[in-house]
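Q: I should like to learn how the features of a protein model are read, one at a time. May we work through an example together?

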Amino acid sequence: MRHAKLSSRLSRPSGQRSAMVAITVKNLLHRGRIQTTLAKAKQTQRAADRLISLGKDGSVHSRRQAYRLLRDRTAVKALFAEVAPRFLDCQGGYKRVLKMGNRLGDGATLALLELTRLPVEHPQ
């Protein structure tokens with residue numbers, strides 16, 4: 001039975017699932033928005049919220065916790081230097097999930113996962 005389970009398995013073993021979430025969060029922080037399936041977006045959303053909250057804290061312990069999930073030093077530096085300062089004045093709502101319809105191949109529900117405050121792009 002599935003009583004009181006917080007996350008879905010996504011048809012993967014736990015190691016592959018955690019690696020998939022780490023890669024998806026890293027891409028979200030780097031690009032600002034990604035397109036994925038709805039189930040993966042919901043799973044990634046929880047991890048991204050936790051990481052941005054850690055980035056707002058800014059302590060050494062928070063950096064170590066973020067590194068434990070991301071496994072990439074440049075992504076941790078970008079999280080603490082670029083992404084988290086954009087969200088210092090808000091208590092939550094760091095990202096949004098928008099449904100986009102179904103994929104043609106297998107009918108999976110697609111979603112757009114994006115940060116609510118995207119970086120400002122300067123015209124060149």
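A: Let us begin with the packing of a helix on a sheet, in what is a predicted model. Helix α1 lies across β1 and β3, and its direction makes an angle of about 150° with β1.

Q: In what order do the strands of the sheet lie, and how are they paired?

A: One reads a sheet from its pairings. Here three strands make up an open sheet, ordered β1-β3-β2, with antiparallel pairing. At the edges stand β1 (33-37) and β2 (95-102), each of which pairs on one side only. On average, neighbouring strands of this sheet are turned by 25° against each other, direction ignored.

Q: How many bridges join β2 to β3?

A: Strand β3 (residues 109-115) is joined to β2 by seven bridges, and the two run antiparallel. One may also follow an individual residue across the pairing: Val97 has Leu113 as its bridge partner in β3.

Q: Is Thr37 of strand β1 buried or exposed?

A: The relative accessible area decides the matter, a residue being buried under 20%. Thr37 has a value of 13%, and is therefore buried. Leaving aside residues up to four places away in sequence, Thr37 touches Arg103, Ala108, Thr109, Leu110 and Ala111.

Q: Which residues of helix α3 are buried, and why do they lie on the same side?

A: The general idea comes from helix geometry. An α-helix has 3.6 residues a turn, so residues three or four places apart point the same way. In α3 (residues 60-70), the buried residues are Ser62, Ala66 and Leu70. They lie on the same side of α3 because the arc they cover around the axis is only 65°.

Q: What do the buried residues of α3 pack against, and which exposed residues does the face turned away from them carry?

A: The buried residues of α3 pack against α1 (14-31), α2 (38-57) and α4 (73-83). On the face turned away from the buried side are the exposed residues Val60, His61, Arg64 and Arg68. After α3 comes Arg71, which has a positive phi, near 60°.

Q: How much space lies in the largest pocket, and which residues are closest to its centre?

A: A pocket is described by its volume and its lining. The largest pocket holds about 330 Å³ of space. It is lined by 14 residues, of which Val21, Arg46, Ala47, Arg50 and Leu69 are the closest to the centre.

Q: Which helix supplies the largest share of that lining?

A: Helix α2 does, with six residues. At least two residues of the lining come from each of α1, α2 and α3.

Methods: Residues are numbered from 1 along each chain as its sequence is written. This is a predicted model: local features need pLDDT of at least 70, side-chain atom pairs count only at pLDDT 80 or more; totals for chains, interfaces and linings use all residues. Side-chain values use heavy atoms; hydrogens and water are left out. Buried means under 20% relative accessible area, exposed over 50%, partly exposed in between (1.4 Å probe, protein chains only). Helices (H or I, at least four residues) and strands (E, at least two) are DSSP runs, numbered from the N terminus. The arc is that of the directions from the helix axis to the C-beta atoms. Contact means heavy atoms within 4.5 Å. Two strands pair if DSSP finds at least two bridges between them. Axes are lines fitted to C-alpha atoms, for helices over the stretch in contact, and angles run from 0 to 180 degrees between N-to-C directions. On a 1 Å grid over the protein atoms alone, a cavity is a set of points where a 1.4 Å probe fits but cannot get out, and a pocket is an open set with protein on both sides within 12 Å along at least five of seven lines; lining residues have an atom within 4 Å of a point. Grid points are joined across faces, edges and corners, and a volume is the space filled by probe spheres set on the points.
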